[in-house]
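Please work through the exercises below with the sequence and the coordinates open beside you. Each task is followed by a solution that proceeds step by step.

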Amino acid sequence: MTLQPPAPPRGTPKGADAPQPRQQQEGGEGRRGSGCASAQARTSPRDEQEGAGASASADAEERAGTSGPRRRAEEAAAEESPVWRRLLLAALRPWRQPPSDSQAAEGQDQAPLLPPGPARAPARAPAAARCCHGGSKMAALAYTRGRREINQYFSVSSAKGLALAAVLLLAAGHAALRHYPGHDSCEHLVSSGRFLGERVWQPHGCMMHRYRVSEAKNCLIDKHIVFIGDSRIRQLFYSFVKIIDPQFKEEGNKHENIPFEDKISSVKVDFLWHPEVNASMKQRVKLWTEEPVGKPHVVVAGAATWSIKTHNGSEEALAQYKTNITSLAPLLEKLAKTSDVYWVLQDPVYEDLLSENRRMITNEKINAYNEAAISILNGSTKNAKSRVKVFRVSQLIAQETIMESVDGLHLPESSRETSAMILMNVCCNKVVRPIDGSCCQPLAAPTLIQKLAASFFGLSIAGCLVLQLVHRHGHRRSRLCTDVEAGEEKKVTPAPSPCPSQVVLQSCCKLGLIMTYFYLCDRADLFMKENKFYTHSSFFTPIIYILVLGVFYNENTKETKVLNREQTEEWKGWMQLVILIYHISGASTFLPVYMHIRVLVAAYLFQTGYGHFSYFWIKGDFGIHRVCQVLFRLNFLVVVLCIVMDRPYQFYYFVPLVTVWFLIIYVTLALWPQITQKKANGSCFWHLGLMMKLAFLLGCICFLAYSQGAFEKIFSLWPLSKCFELNGNVYEWWFRWKLDRYVVFHGMLFAFVYLALQKRQVLSEGKGEPLLPSRMSNVLLFVSVVSFLTYSIWASSCKTKAECNELHPAVSVVQILAFILIRNIPGYIRSVYSSFFAWFGKISLELFICQYHIWLAADTRGILVLIPGNPMLNITVSTFIFVCVAHEISRITNDLAQILIPKESTALWKRLACIAGFFCALLLLSSIQGERRR
């Protein structure tokens with residue numbers, strides 16, 4: 001859903017955002033570690049100011065009689081102290097003594113993890129003001145020094161090391177838990193869980209799927225399921241049958257057997273009335289064990305309250321219950337060898353609502369009967385785990401909902417439906433294998449392509465380790481050594497920079513380790529997963545937090561033009577963070593939030609049209625190298641994930657979307673006649689030619705938008721169908737493309753108009769200057785604010801998603817343009833940006849793609865659980881690891897792009913031939929794999 005939209009070309013007279021998805025300028029920010037380096041470079045002006053202030057304070061200290069040797073002694077003692085003590089001393093040092101010039105430069109060797117704060121030029125204040133505000137100045141200086149010390153000891157590199165250590169520890173912990181009994185997802189599904197809100201049940205550590213009628217029938221074809229027990233089991237039977245046939249009515253004699261059969265799917269579900277554990281129930285189970293055929297596939301049994309009621313809760317009845325269930329347990333164990341057998345524990349009652357003839361049914365009695373059943377059933381086999389599964393979860397559900405009961409004994413309908421859905425998950429997850437049903441689902445066998453990918457990454461890791469050992473051995477031999485005779489040190493030749501093949505090997509090694517983490521998170525049964533649950537606080541509270549952080553970390557921009565590089569990176573960053581929160585909170589169920597997120601997606605596509613058009617219009621660079629660079633940076637990670645995670649290309653829908661739109665923009669502008677700004681400056685005729693090109697593009701968009709058949713025929717052709725099909729058709733691709741079909745064109749048109757106005761010097765883009773004359777600026781600002789709010793009001797008043805989506809393509813540009821004008825008309829707003837948001841904007845593409853598998857889970861349907869039982873700590877740790885991984889993948893992509901897409905034409909065409917061969921082999925393997933699945 002997020003594009004890493006292109007950045008503006010350097011030297012662009014208009015400040016236009018360049019069309020590259022990441023740092024694209026050769027020799028510039030596209031190099032390895034450029035994001036960190038640029039963040040570090042931004043701290044320099046402020047550090048110089050702080051250094052100057054520190055020198056002035058040092059002079060004052062000398063005049064006050066403070067000796068330099070004592071200060072150096074204190075600093076030397078602090079250097080020998082632990083890191084935590086040094087951080088504390090750094091924060092307190094300005095209160096004791098001002099920093100020196102040399103100390104002001106600390107923390108610059110590594111890229112800081114924290115974005116730099118606002119740069120402020122020191123201003124000379126009157127003596128009275130300096131006296132009154134001295135404390136605040138010292139506090140600010142203490143904060144600045146403390147942050148610099150943190151950046152020195154906790155850089156991006158150290159953060160990634162910490163993330164790696166956390167992954168190893170968590171993986172080892174979860175692997176160890178798997179060896180303890182009762183820690184498989186099937187056990188969790190029937191024995192533990194909690195409510196998310198009022199009606200959403202969350203099993204411990206796994207996801208529960210809500211089955212539709214068609215799914216339930218397909219799963220239970222030719223199956224026979226039996227419910228045997230009292231009135232509570234009868235209720236469970238009714239709820240289970242209604243999943244298969246919602247029209248089934250609860251009617252007939254309640255104290256007799258009730259059959260159900262769906263002849264189309266050959267599903268039989270029977271209820272057998274046996275309210276007590278006695279000889280009658282024992283005889284029924286015995287007949288099943290002796291029958292060679294016709295045994296039920298699933299048996300759900302349970303009874304106790306009838307015994308308590310008929311025997312007035314006597315101790316003799318409990319003793320008889322224990323005797324009867326003791327004789328029944330071996331038969332159930334024998335039946336469980338060929339059928340799935342579940343014993344349902346008795347739910348608690350709401351004693352205040354019980355009628356007079358049920359007053360003897362107390363929770364104390366129910367607990368005694370449940371304890372007897374558990375101890376006897378679990379102890380029915382010696383030296384082996386019982387095959388009879390105890391269904392405890394209905395008891396946990398009833399503890400939360402029994403107050404809503406009508407008679408105090410029977411559960412409300414919503415609770416019965418939850419228990420029935422849990423039973424359906426137990427029976428069907430292994431058959432249907434739903435993506436969002438991880439409970440009780442066996443692991444899928446790796447595909448042929450996945451095995452080949454594992455072999456490749458394994459060899460890369462082994463080769464990298466060998467290379468490291470060789471390098472370390474050579475480094476040890478060339479280390480500085482003292483010449484004993486001459487008493488001098490021999491000079492060592494500086495280590496040469498790694499060759500391209502070494503960079504590729506190291507990148508593949510790191511990528512292999514990262515892909516292993518991806519696989520463990522979302523394909524292996526190692527880490528836990530949970531369902532999403534939306535609340536207003538889960539969405540809006542994080543939004544407020546990141547807004548405060550983004551406003552706090554602000555800086556002056558290097559340029560003050562409209563949509564300059566820093567501003568577009570900031571825009572991408574805060575939009576990406578909002579979209580991430582939207583996904584993890586499950587806010588798509590809240591329509592106003594959904595519609596505003598749709599605008600953010602459209603804004604990314606708007607930047608695609610704006611940035612790529614600006615680049616081609618200004619630079620006129622239509623070479624193949626430029627195209628390959630953009631396509632590689634956009635698609636590299638997605639192609640790797642398609643192979644490793646066994647997902648189609650269209651699954652990561654936003655990358656195909658921006659890829660196709662980039663190619664459309666390129667073809668539109670590259671076809672004859674190629675019209676650029678330089679050519680158009682000589683004659684207005686070329687402007688007319690460009691407008692005709694844009695008009696033709698708009699006509700093609702409208703034709704495809706209203707001709708679904710033509711659209712599907714085009715993208716159903718082989719090999720396009722391999723890229724754009726999802727679940728056997730291209731409807732999803734059609735829906736995604738149609739939803740934002742005009743916004744890229746709007747971005748191109750805006751870029752053309754803006755650059756034309758800028759060329760004619762209509763706009764004032766100086767620092768602090770309003771974009772237009774004062775009166776016009778005020779009018780446009782007022783109109784923009786009104787338009788922005790009007791769209792929000794409309795989006796909040798929509799009735800359905802279908803209605804909103806129908807109008808969205810035409811009206812989304814209103815809020816986008818309103819935001820651009822609000823952000824750029826006032827000069828003082830245009831001259832600053834948030835370095836916090838801009839940092840995330842540089843890796844927004846990787847953040848969007850990585851969230852599918854290592855932040856969310858089950859292909860975005862759930863949430864990854866690394867630390868169970870503590871949601872806040874879990875989301876903190878998983879987010880930290882997720883961001884570190886995304887940043888490292890961004891660096892790997894930049895490194896490989898520089899090597900695999902060379903500038904030299906002959907070498908580039910050879911690489912393209914190799915890449916084409918790779919994709920042909922991939923298509924062949926995919927076809928073979930598809931035939932095996934059929």
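**Exercise 1. Two ring pairs**

In this predicted model, decide whether Y652 and Y852 are buried or exposed, and then classify the pair that their rings make.

Solution. Begin with accessibility: Y652 and Y852 are both buried. Next, take the geometry of the rings, whose centres are 5.1 Å apart and whose planes meet at 50°. Planes under 30 degrees apart would count as stacked and planes over 60 as edge-to-face, so the pair of Y652 and Y852, at 50°, is tilted. Finally, place the two residues along the chain: Y652 belongs to the loop between helix 22 (624–644) and helix 23 (654–670), whereas Y852 belongs to helix 34 (residues 844–854), so the pair ties together parts that are 200 residues apart in sequence.

Apply the reasoning again to F715 and W733, and state which class of pair their rings form.

Solution. The ring centres of F715 and W733 are 5.6 Å apart and the planes stand at 75°, so this pair is edge-to-face. F715 is part of helix 26 (residues 708–715) and W733 is part of helix 28 (residues 731–739), so the pair ties together parts that are 18 residues apart in sequence. Both F715 and W733 are buried. To set these examples in context, the structure holds 55 aromatic pairs.

**Exercise 2. A cluster and the lysines over rings**

Find which residues form one aromatic cluster with W306, and which lysine lies over the face of W306.

Solution. The cluster that contains W306 also takes in F227, F237, Y238, F240, F248, F260, F271 and W273. The lysine is K309, which lies over the face of W306 at 5.6 Å from the ring centre. A further lysine, K679, lies over the face of W686, at 5.0 Å from the ring centre.

**Exercise 3. The faces of helix 19**

Compare the length of helix 19 with its expected span, and work out where its buried residues lie as one looks down the axis.

Solution. First, the length: helix 19 (residues 536–552) has 17 residues and, at 1.5 Å a residue, should span 24 Å, which agrees with the 24 Å between its end C-alpha atoms. Second, the buried residues of helix 19 include F539, I543, I546 and G550. Third, the buried residues fall within an arc of 75° when seen down the axis of helix 19, so they line one face of the helix. Fourth, the face turned away from that buried side carries the exposed residues I544, Y545 and V548. Last, the packing partners of the buried residues of helix 19 are strand 12 (554–556), helix 20 (565–585), helix 21 (591–619), strand 13 (832–834) and helix 33 (835–841).

**Exercise 4. Disulfides and unbonded cysteines**

State how many disulfides a search of the whole structure finds, and determine the handedness of the one that joins C206 to C439.

Solution. The search finds four disulfides. One of them joins C206 to C439, with an S to S distance of 1.9 Å, and the torsion about its S-S bond is about 90°, so this disulfide is right-handed. C206 sits in the loop between strand 2 (200–203) and helix 9 (213–219), and C439 in the loop between helix 16 (413–432) and helix 17 (448–477), so the pair ties together parts that are 233 residues apart in sequence. C206 counts as buried at 2% relative accessibility, and C439 counts as buried at 0%.

Now take C219 and C428, which are joined by a disulfide with an S to S distance of 2.0 Å. The torsion about the S-S bond is about -95°, so the disulfide of C219 and C428 is left-handed. C219 in helix 9 and C428 in helix 16 are 209 residues apart, and both cysteines are buried. C798 and C804 also form a disulfide, with their sulfur atoms 2.2 Å apart. When the bonded cysteines are numbered in sequence order, the pairing reads 1-6, 2-5, 3-4, 7-8.

Why does C427 form no bond with C428?

Solution. The closest cysteine sulfur to that of C427 is in C428, at 5.8 Å, which is too far for a bond. C464 is a similar exercise: its closest cysteine sulfur, in C509, is 3.7 Å away, again too far for a bond.

Definitions and conventions: Residues are numbered from 1 along each chain as its sequence is written. This is a predicted model: local features need pLDDT of at least 70, side-chain atom pairs count only at pLDDT 80 or more; totals for chains, interfaces and linings use all residues. Side-chain values use heavy atoms; hydrogens and water are left out. Rings of Phe, Tyr and Trp (its six-membered ring) pair if their centres lie within 6.5 Å; planes under 30 degrees apart count as stacked, over 60 as edge-to-face and the rest as tilted. Helices (H or I, at least four residues) and strands (E, at least two) are DSSP runs, numbered from the N terminus. Buried means under 20% relative accessible area, exposed over 50%, partly exposed in between (1.4 Å probe, protein chains only). A charge sits over a ring if NZ of Lys or CZ of Arg is within 6 Å of the ring centre and within 35 degrees of the ring normal. The expected span of a helix is 1.5 Å times one less than its number of residues. The arc is that of the directions from the helix axis to the C-beta atoms. Contact means heavy atoms within 4.5 Å. A disulfide is a pair of cysteine sulfur atoms within 2.5 Å.
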